[in-house]
Structure formats: structure tokens, C-alpha cells
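Visitor: I would like a close look at one part of this protein. Please take a single helix and follow it into its surroundings.

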Amino acid sequence: MAAAAPPLPPQPTPDPPMTLPENPIGNPLFVRISLAIKDDLPHIHKLIHQMAVFERLAHFCHATEASLSSTLFNSPTFQSFTVFILEVSTRPFPEDLHHNNPFYPPVVRIINLDLPIDDPEAETLRSGEGVVVAGFVLFFPNYSTFLAKPGLYIEDIFVRESYRRKGLGKMLLSAVAKQAVKMDYGRVEWCVLDWNINAIKFYEEMGAKMMQEWRICRLTGEALQAYGNSD
């Protein structure tokens with residue numbers, strides 16, 4: 001089984017930014033996946049708690065903005081914990097800090113919807129003028145001794161309820177997989193809750209294989225701290 005480790009990957013060659021039409025037809029939803037920065041922490045914190053509630057695990061979620069700030073965005077891009085932020089807008093995105101990030105030029109797409117989206121949380125998750133945070137994915141390097149190659153492990157991938165079933169989760173997962181290919185990594189791995197049948201079906205449709213023969217082993221809390229007190 002792959003064990004988490006921070007190998008030193010080569011810097012990927014970025015894709016050129018996409019040119020967008022100024023007046024798209026229908027009910028356009030502009031979608032942007034970009035490299036998260038520290039300014040995104042308040043929104044990432046909100047999304048983590050929303051995800052914990054959705055997964056029925058809120059009682060295990062103790063993350064705060066302060067604890068996230070102390071552990072994220074402290075290492076070179078793609079060499080440790082990395083977050084892609086998913087944003088949406090009804091008009092083209094401005095040339096902001098996300099747009100001009102030299103390490104990962106954003107992926108931008110347009111989805112034409114039959115109806116505009118009703119997002120009751122748009123104001124609290126606004127990241128710019130007319131721009132709303134819709135999801136995120138957090139991943140980091142691991143290593144496969146069998147492949148003798150590093151890989152990427154997805155810790156969390158989440159799209160808010162108002163924006164589900166519109167292909168945005170596929171865009172997030174594809175962005176991570178594409179990054180792994182660019183860096184000549186061997187695989188991308190993640191976990192899924194056994195009751196989340198929709199997610200399992202979605203991942204299988206994406207080409208992922210469910211590893212039924214493996215089980216997650218975890219030391220945490222008092223069981224982990226006990227080793228710190230032993231000789």
C-alpha cells in the first residue's frame with residue numbers, strides 16, 4: 001500500500017489560459033479551478049465543515065481557520081498539501097490572484113444551463129465580485145514501492161449541493177489526475193464512504209477501481225498519543 005511521503009516532483013508545464021467568449025448564450029455558468037492561496041482559508045474552512053456534515057462525520061471535525069493556516073500553504077506547490085479551489089460566476093472571471101498564479105494557470109470552462117442556479121449561500125461564500133466558491137479538492141504526494149513512482153492522494157473532494165450533478169466534481173477530479181500525468185506520477189488514490197452509492201458510481205464511471213481487498217488502518221487520538229508516552 002502506498003505510504004504518504006513528500007517527494008520532490010518536477011515543476012509541471014502549465015497550460016495556456018483559455019480564451020472565453022464575451023457574450024455566451026443561454027444561462028452560462030463560468031467555472032474556474034485554480035490553485036488555492038491563504039486568502040481562501042475562510043472558504044476552505046466552511047467547505048470542510050459542510051463536507052463533514054454531508055458525510056455524517058461532523059462530530060469528528062475539529063479544524064479551525066487557525067489550525068488550517070498553520071498546516072497548509074507552507075510548502076512549495078505540489079510538494080506537500082495542495083488545494084484546488086472551484087469557483088463559479090455568471091460572467092467571465094476577473095484577472096485576480098487566482099488568474100495570475102504562475103504555478104498553476106487556472107482551468108476555465110463554461111457550462112450552459114437550462115435555468116440559473118439558486119444558491120442560498122452565495123453571499124457567505126463569495127470570493128470576489130460575482131464570484132462564488134462552489135467546492136475544493138485537497139491532495140498531496142504519496143509513494144508506491146511497487147511502481148517505484150510517486151502518486152497523488154486525494155484527502156477530500158467536495159462540491160456544494162447547489163452545484164452538484166453539473167459535471168463540476170468530474171472537473172475537479174480530472175484536474176488532479178491531469179496534474180499527476182504531467183508530473184509523471186504513477187497513480188491517484190482516494191477513499192469513499194461505503195454508503196455513498198452515487199459517489200461510488202461516479203468514480204467507477206471516471207475509470208477508478210474499487211479496491212475491495214484493502215481496509216483503512218488508522219492510529220489517532222489516545223491510541224496514537226500512547227506511543228508518545230512509551231519508551
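Guide: Contact here means heavy atoms within 4.5 Å. The model is predicted. The part to look at is helix 1, residues 41-54.

Start with its length. Helix 1 has 14 residues, and at 1.5 Å a residue they should span 20 Å. The end C-alpha atoms are 20 Å apart, so the span agrees with what is expected.

Next, the buried side. Buried means under 20% relative accessible area. In helix 1 the buried residues are Leu-41, His-43, Ile-44, His-45, Leu-47, Ile-48, Met-51 and Ala-52. An α-helix has 3.6 residues a turn, so residues three or four places apart point the same way. Keep that in mind when reading the list of buried positions.

What lies over them? The cover for the buried residues of helix 1 includes helix 2 (65-71) and strand 3 (82-89). Strand 5 (126-128), strand 6 (131-144) and strand 7 (149-159) are also part of that cover.

Now take one residue. His-43 sits in helix 1. Its relative accessible area is 11%, under the 20% cut-off, so His-43 counts as buried. Set aside neighbours within four places in sequence, and His-43 is in contact with Thr-124, Leu-125, Arg-126, Ser-127 and Val-133.

Val-133 turns up again in a nonpolar core. The largest such core has 35 residues, and Phe-84 and Leu-168 have the most contacts inside it. Helix 3 (168-182) is among the elements that supply at least two of its residues. Helix 3 gives the largest share, seven residues. A second, separate core has 18 residues. Leu-41 and Val-133 both belong to this second core, as do Cys-61 and Tyr-153. Leu-41 is also one of the buried residues of helix 1.

Finally, the far end. Just after helix 1, Arg-56 takes a positive phi of about 65 degrees.

For contrast, look at two places outside the helix. Asp-118 lies in the loop between strand 4 and strand 5. Asp-118 is exposed, with a relative accessible area of 66%. Its C-alpha atom is 7.0 Å from that of Ser-162, though the two residues are 44 apart along the chain. Leu-224 is in helix 5 (residues 221-228). Leu-224 is partly exposed, at 39% relative accessible area. With Leu-219 and Tyr-227, Leu-224 forms a nonpolar surface patch of about 320 Å² accessible area together.

Methods: Residues numbered from 1 in each chain as written. Predicted model: local features only at pLDDT ≥ 70, side-chain atom pairs only at ≥ 80, totals over all residues. Heavy atoms only, no water. Helix = DSSP H or I, 4+ residues; strand = E, 2+ residues; numbered from the N terminus. Expected span 1.5 Å × (residues − 1). Buried < 20%, exposed > 50% of the residue type's maximum accessible area, 1.4 Å probe, protein only. Patch = residues over 30% accessible without salt bridge, like charges linked within 9 Å, V, L, I, M, F, W, Y side chains within 5 Å. Areas by Shrake-Rupley, 256 points an atom, 1.4 Å probe, with all protein chains shown as cover. Salt bridge = Lys/Arg side-chain N within 4 Å of Asp/Glu carboxyl O. Core = buried A, V, L, I, M, F, W, Y, C linked by side-chain atoms within 4.5 Å.
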